[in-house]
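Here are some exercises to work through with the model open beside you. Try each task yourself before you read the solution.

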Amino acid sequence: DGALLDAAEDVGYPLMVKAAAGGGGRGMRLLRDGSGLAQAIVAARSEAISAFGSGELILERALIRPRHVEIQVFGDQYGTIVHLGERDCSVQRRHQKVIEESPCPVATPELRTQMGAAAVAAARAVQYVGAGTVEFLLAEDGTFYFLEMNTRLQVEHPVTEAVLGVDLVAMQIAVAEGRPLSEVLPGGSSVELAPKGHAIEVRLYAEDPAAGYQPQSGKLSRFDIPGVVGEFTNPGRVGIRLDSGVGAGDEIGTFYDAMIAKVIAWAPTRDQALRALSGSLAAARIHGVVTNRDLLVNLLRDPVVVESRMDTTWLDGADLTALGSAATGDDATLMSAFAATIAIAEVDRAKRPVQQRIASGFRNVVAAPLSRSFNDSNGDAVTVEWFGGRDFTLAGRDDVTVTGVAVPPDAGTSTFEESGQPVEVDIDIDGLGYRFCVYLDSERVDVESALGHIALRRTPRFVDPADQLSEGSLLAPMPGSIVSIEVSVGDEVTEGQTLLVMEAMKMQHTISSPYAGTVGELPAGAGQQVDAGAVLAVVQPSSTDQQEQS
């Protein structure tokens, strides 16, 4: 640590602390100045040991607003090394790629030639065999800098396959079998393949962007992405490719990375590829866990991406609510909960053994609204006050009108919830029409609309007092293990102070105090495995905070 602290002054700031054996943003910390360097070294090393089994760190000067452009290289056992074009991976969060595309929309022929030559030289210097990627950071002035070489086939390799019409996995196997590139590459190794059209890939994660990209776990109840075609390595028509190891009914656990799928689009132009990919994702039905689906849709439609003005830091500083992440805003949540309320009421009416013609929500005291409560994906309460009858009305909202409800014919049967059919609720909101597709899965309700996917859970009318939590209880956001406990029972803590660190899905997560107070309980211990929702700590607020809250 001392050597790193001394070397930091020579490297200069801004500075990047990185795991030497790492990747994907793990074991990495960015520092604008020297404050916090010692803590950053400790945290990066701990994360690096956990993720890669090595605590070795490196320091390097950081570029603040670069693009991330990489070159696909390939070498055989006979000394032939070629490059297969470039990919732009500039849309990132926490140094983890979110959107990748080929070719790079800002690469000139001259830049492509220079980067390709540098990548081939790097691969030749280590006598590389097989598929590999040489990554560069492209500065705003057009200069580029070597970042690292990934000696493997990367997650984003499908976009290269799509624009070149090759199968990199088959090539990898053929080269390992001893075949020369002259036999493996279309046209031979002396022919430079020209990209056809444009390909874009997004990484679909089980995570909540609005909650700091917090990984999610649970069972996928639905996993349907439309427009997927079978053969995808030969460009020619607009199509969607899906690379995934999960499907409906699978459990998203906590022992692996949060990425559950890659979704790739190819089209003759970049604009067409953006539209095809965003359209397919917008029509997807992915239920059971919160994902970054809505964020991806809105990123693909955002002017910064459409006009190709992104850099590696853009998403970290973006307003995720404005971009339309999974939490599309309070109004979207309320409208979705209102649609869910109508759907539940109409399904309940269909289940009546008698008097099915009486309108849902009928009551003698028509002046008093009915009420239904839900919890959103963050556990926050969402209460809908509404008036039933033949025309549903949202209390206090004159700009909301229900124009139609379509209930599946088998809504009154015991198998309806298992059928996967939605109740369709059409609502006019301030002159704009929206269709809400409401999926009822026991206590869980998934609502899909142009406002995005909103996951709700029905709140029970009565709660067992034994299940109620103490005030100030901090719960585990997901299953994981406790890495360290930073405080003791009885300690006075400040707002935002770290109480403990837990690890899940190959990432460390800090649990902080929501306000100033006193640590009352610490039920969990270091090294302990905990379930989602387990109480990790109880902080009793100080008298000042109690007065402010009241």
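Two residues are in contact when they have heavy atoms within 4.5 Å of each other. Keep in mind throughout that this is a predicted model.

**Exercise 1. Find out which residues Val 423 touches, leaving aside those up to four places away in sequence.**

Solution. Start by locating the residue: Val 423 sits in strand E22. Next, check its surroundings. Buried means under 20% relative accessible area, and Val 423 has 0%, so it counts as buried. Now list the partners. Val 423 touches Ala 343, Val 347, Val 405, Ala 406, Val 407, Pro 408, Phe 416, Phe 436, Cys 437 and Val 438. Finally, try one distance: from Val 423 to Glu 346 you have 77 residues in sequence, but 8.8 Å in space from C-alpha to C-alpha.

**Exercise 2. Work out whether the radius of gyration of the protein agrees with that of a compact globule.**

Solution. First, count residues: there are 550. A compact globule with that many residues would have a radius of gyration near 24 Å. The protein comes out at 27 Å, which agrees. For the outline, look along the principal axes: the C-alpha atoms fill a box of roughly 85 × 60 × 40 Å. Inside that box you'll find 13 helices and 33 strands.

Then see how the chain meets itself. Take the contacts with a separation of 6 or more: 63% of them are between residues 24 or more positions apart. As for cover, 47% of the 550 residues count as buried. The accessible surface is about 25200 Å², and carbon and sulfur atoms hold 49% of it.

**Exercise 3. Track down two cis peptide bonds that lead into a proline, and say where each proline lies.**

Solution. Begin with Tyr 13 and Pro 14: the bond from one to the other is cis, with omega near 0°. Pro 14 belongs to the loop between helix H1 (2–11) and strand E1 (15–19). Now move along to Ser 102 and Pro 103, which are also joined by a cis peptide bond, here with omega at about -5°. Pro 103 lies in the loop between strand E6 (96–102) and helix H3 (109–125).

**Exercise 4. Ser 308 and Asp 430 have a positive phi without being glycines. Decide for each one: buried or exposed?**

Solution. Take Ser 308 to begin with. Its phi is about 55°, and its place is the loop between helix H9 (303–306) and helix H10 (320–323). With a relative accessibility of 11%, Ser 308 counts as buried.

Now Asp 430. Here phi is about 50°, and the residue is in the loop between strand E22 (423–429) and strand E23 (432–441). Exposed means over 50%; Asp 430 has a relative accessible area of 62%, so it is exposed.

**Exercise 5. Pick out some salt bridges and describe their surroundings.**

Solution. The structure holds 32 of them, so let's step through a few.

- Step one: Asp 271 pairs with Arg 275, their closest N and O atoms being 2.9 Å apart. These two are four residues apart in helix H7 (residues 270–282), which means that about one helical turn separates them. Asp 271 is partly exposed at 39%, while Arg 275 is exposed at 60%.
- Step two: the side chains of Asp 399 and Arg 397 meet at 2.9 Å, N to O. Asp 399 is partly exposed, with a relative accessible area of 27%.
- Step three: Asp 446 forms a salt bridge with Arg 444, and their closest N and O atoms are 3.0 Å apart. Both partners count as buried, Asp 446 at 0% and Arg 444 at 15%.
- Step four: salt bridges can share partners, and that is how Glu 70, Arg 87, Lys 97, Glu 100, Glu 135, Glu 156 and Arg 203 end up in one network.

**Exercise 6. Say how far apart the mean positions of the positive and negative charges are.**

Solution. Count each kind to start: the protein has 43 positive and 74 negative charges. Then take the mean position of each set and compare the two points. They are 6 Å apart.

Notes: Residues numbered from 1 in each chain as written. Predicted model: local features only at pLDDT ≥ 70, side-chain atom pairs only at ≥ 80, totals over all residues. Heavy atoms only, no water. Buried < 20%, exposed > 50% of the residue type's maximum accessible area, 1.4 Å probe, protein only. Rg over C-alpha atoms; globule rule 2.2 N^0.38 Å. Areas by Shrake-Rupley, 256 points an atom, 1.4 Å probe, with all protein chains shown as cover. Lys, Arg positive; Asp, Glu negative; His and termini not counted. Charge placed at Lys NZ, Arg CZ, Asp CG, Glu CD. Salt bridge = Lys/Arg side-chain N within 4 Å of Asp/Glu carboxyl O.
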